[in-house]
Amino acid sequence: MTNFTKPDFRLGRRGFLKAAAAGLATPAFASLPGIAQAQETVNLTFWAWTPRTENQVALFMEKYPHIKVTLESIGGEDQNTKLRAALRAGSGFPDVVQAEFQRLPSFRAVDALLDLTPYGANDVKDQFVDWSWESVSDAAGGVYAMPWDSGPMGLLYRADLFEAAGAAEVPGTWAGFAELAKKYAVDNPGKFLTNFGANNGGWMIGVLWQAGNKPFALNGTDMTIRINDEPAKAWAAYWQDLLDAKAVDLTPNWTPEWFTAFDNGTIASWIAAAWSPVQLTNVANQSVGKWRAGQLPQWKEGEFATSNWGGSTFSVIKPTAHPEEAALFATFMATDGEATRLYNTDQFLFPVRKELLADKDLMGTPSEFYGGQAVNEVFAEAAEHVIPGYQFSPFHDVFTSALQENVGAAVAGNGTLADALDRTQEAMVTYASEQGYTVIT
Amino acid sequence: MTDISARPLRPARRRSSKWAQKLAPYFFLAPFLALFIVFLVVPLFYALQLSFFRETMVGGIRFVGLDNYGKALTDQKFWDGVLLLLRYGLFQLPVMLGAALLLALILDSGMLWARAFFRLGLFLPYAVPTVIAALIWGYLYGPSFGPMTQVADYFGLPRPDLFNAQTMLYAIANISIWEHVGYFMIIYFAALQAIPADFEEAAVVSGARAWQYVIYVKLPLIRGTILVTVIFATIGALQLFAEPYLLEALAPAVITSSYTPNIYAYNLAFVNQDYNYSAAISFVLGAVVAVVSYVFQLVSTRREGK
């Protein structure tokens, strides 16, 4: 044994040393401006987590052969942590980064994002649905990202179960929905019309947004915090009523049990986003063909207001050595016809470009899982009715965590949902003050 | 060694070899010391330095002296976590170490058939990564379709709720006991095996029964080992992190962001981006661990003195 391992080890070490030497040499040469080729190649690093993003990167490099983009897939949450660390360290950050809408303010707060207006960002403004452009730009006219995908909210529901409960279609108002939910829970013991995701901060923020809640408004260092405003209190009273009546399922979200409950009919509907239909298709197998998509019930009868949950953008990191090329790349990724179409057909992301939303072929594809319904059409319609003017805070993670914790406690019987919003408000006012903001309530 | 010293050497050579002899241990320790300094001492000082500052989104970084420590000492969330872990330790420690000792004694008694099999089998859970262990138990505990629920349903009994505020601590303790009982058993077993066989002969000749031999001979002889394991287990209990962190997804209402001090420090740093306060919390937790271990050692050595 030892006889064999010894020479092996030596060879391995030599090979390793060679490889190490080569590895050290390559970047050194690459970064020497003196040894430039005929056309100088620009190297960009790009961090993204969506699958098969390399396809779009390839399209870009085909069109701009002198720009070489290296894609690094780190994964959503890890990427944010790593990016923050790299920004703190002042090195190791990418040139272009995929960032969720709700993260942009936190990166803006540390001045990490490049203003894209000098690179023609406003020329493409009209291609995007209004709320998405609003989320990437500020009042002063700066543009800090290119919107990529989104998640306008809607309702996925079991048509068969709704029908059996006497509802030929989804109630038009939340009041009607609550009535049905209570009746449903009585008629079908152990089963529920829908689920309340107390551990799902993103979801709660989405449904609060639809109710008209405007938790944060930042103006310089003045921050208005109204987590428990009137619409939010109405929202809390609504769900508290359903909780008290034991008419809503409370299975923690994103657990196997939760998906099983959707599939086996324990939960008859999912207050969801435009990317949810594909996700449901992947986890369900008993309920194929029984699901439908519809618009969310409304708070005021006759209105059509919805919100957005999820989605992401492309930002250029400010200290980049190649701002022009990086901005070009971000803009290409978000606006190129072929590249953005691929997002929807291959990666199943929901678009924010008006052209794609209006595309009958793209949106009108019927889905077996949804009984032949063209699900995307429902969400394309919703995308036009996302309530404008919603702002995320620069400490979104802290807010989400506090909201989950307080609502979680309320659901477990410690106070009401209204108390939970008050406690979250109080915690965020304290946090924002500690962070140096002038807080207005 | 003897060969070299027996050989006649020139004085110069001898002096250098003396130096070499003196330096040799440090030479061999150097790799450890280098890693120790780079990965422990430096980060520790870095964290200590962090804990004296406060960084805010507006205003940047400023020196705040002991402010973070003052805040930590009166932080209800932190102390609730410490109290929870003391409660946890008072249950988990005796059960885990008691079971480990009992199993070690059974193995050591030689009465067991297929001893190696049991030794390995009992040790095996320790080789399962904590993440996997928490996932396994998360499934077993599952309130909707876990096996425990299925058994309860089959017999028409109420479903066990292991994820409420009262039961969660014991659910976690159970996972950790399952994981570590084999580890401590091996330590005890090794200590028991080191007891010379003539002690037993002497005991048998003196007419001692098996249980008397265990209580009056074996246990006092491995007393030192038991003390060390208690301190290890205490430190382990106060550092509890992975199991509750992983079960958080299944019981988000019970396992809060400050459930244990370590989870609190983690969330402060990586969710709140408050590295400064997180560093201070970590040092206070370190102090709590040191105090608890020291008090325990003090009490046990005093008893020994008597």
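Below, a biologist and a modeller talk through salt bridges, interfaces and one buried residue in a predicted two-chain model.

Biologist: How many salt bridges are there over all chains?

Modeller: The rule asks for a Lys or Arg side-chain nitrogen within 4 Å of an Asp or Glu carboxyl oxygen. Applied over all chains, that rule gives 17 salt bridges.

Biologist: How many residues apart are D111(A) and K318(A)?

Modeller: Their side chains form a salt bridge, 2.9 Å from N to O. D111(A) sits in the loop between helix 4 (104-109) and helix 5 (130-136) of chain A. K318(A) sits in the loop between strand 9 (308-316) and helix 12 (323-335) of chain A. The pair links distant parts of the chain, 207 residues apart.

Biologist: Is D111(A) buried, partly exposed or exposed?

Modeller: Buried needs under 20% relative accessible area, and exposed needs over 50%. D111(A) has 43% relative accessibility, so the class is partly exposed.

Biologist: And K318(A), buried, partly exposed or exposed?

Modeller: The cut-offs are again 20% and 50%. K318(A) has 35% relative accessibility, so this residue too counts as partly exposed.

Biologist: Which helices does the salt bridge of D422(A) and K233(A) tie together?

Modeller: The closest N and O atoms of D422(A) and K233(A) are 3.0 Å apart. In sequence the parts are 189 residues apart. D422(A) and K233(A) lie in different elements of chain A, so the bridge ties helix 18 (residues 417-434) to helix 9 (residues 230-244).

Biologist: What is the relative accessible area of K233(A)?

Modeller: Its partner D422(A) is partly exposed at 29%. K233(A) is partly exposed as well, and its value is 27%.

Biologist: Are D108(B) and K218(B) buried or exposed?

Modeller: These two form a salt bridge with the closest N and O atoms 2.7 Å apart. D108(B) is in helix 4 (residues 76-109) of chain B and K218(B) in helix 10 (residues 210-221) of chain B, so the bridge ties parts 110 residues apart in sequence. Buried means under 20% relative accessible area. Both D108(B) and K218(B) are buried.

Biologist: How much area do chain B and chain A bury between them?

Modeller: The contact involves 20 residues of chain B and 23 residues of chain A. Carbon and sulfur atoms carry 56% of the buried area. The total is about 2000 Å².

Biologist: Which residues in chain B lose the most area to chain A?

Modeller: Three residues together make up 30% of what the chain B side buries. They are M57(B), V58(B) and F145(B).

Biologist: How many residue pairs are in polar contact between chain B and chain A?

Modeller: The rule finds two salt bridges across this interface. E434(A) and K71(B) form a salt bridge, with N to O at 3.8 Å. The polar contacts come to five residue pairs.

Biologist: How many charged residues are on the side of chain B that touches chain A?

Modeller: That side has 11 nonpolar and seven polar residues. The charged residues number two.

Biologist: How far apart are the C-alpha centres of the two domains of chain A?

Modeller: Domain 1 covers 12-150 + 310-360, and domain 2 covers 152-309 + 365-440. Their C-alpha centres lie 31 Å apart.

Biologist: Which three residues supply 35% of the area that domain 1 of chain A buries against domain 2 of chain A?

Modeller: The two domains bury about 1700 Å², with 59% from carbon and sulfur atoms. In contact are 17 residues of domain 1 and 22 of domain 2. No other three residues of domain 1 supply more of its buried area than Q102(A), W131(A) and F350(A).

Biologist: Which residues are linked with R84(A) in a network of salt bridges?

Modeller: The count between domain 1 and domain 2 of chain A is two salt bridges. R84(A) and D397(A) meet in a salt bridge at 3.5 Å, N to O. The network links R84(A) with E100(A), R103(A) and D397(A).

Biologist: Which residues is Q56(A) in contact with, leaving aside its neighbours within four places in sequence?

Modeller: Q56(A) is found in helix 2 (residues 54-63) of chain A. At 0% relative accessibility, Q56(A) counts as buried. With those neighbours left aside, its contacts are F332(A), M333(A), A339(A), L342(A), Y343(A) and Q347(A).

How values were computed
Residues numbered from 1 in each chain as written. Chains lettered and ligands numbered in written order. Predicted model: local features only at pLDDT ≥ 70, side-chain atom pairs only at ≥ 80, totals over all residues. Heavy atoms only, no water. Helix = DSSP H or I, 4+ residues; strand = E, 2+ residues; numbered from the N terminus. Buried < 20%, exposed > 50% of the residue type's maximum accessible area, 1.4 Å probe, protein only. Contact = heavy atoms within 4.5 Å. Buried area = accessible area lost by both parts, 1.4 Å probe. Polar contact = N/O pair within 3.5 Å; in protein donor to acceptor, adjacent residues only side chain to side chain. Nonpolar A, V, L, I, M, F, W, Y, C, P; charged D, E, K, R; others polar. Domains from an automatic or database assignment.
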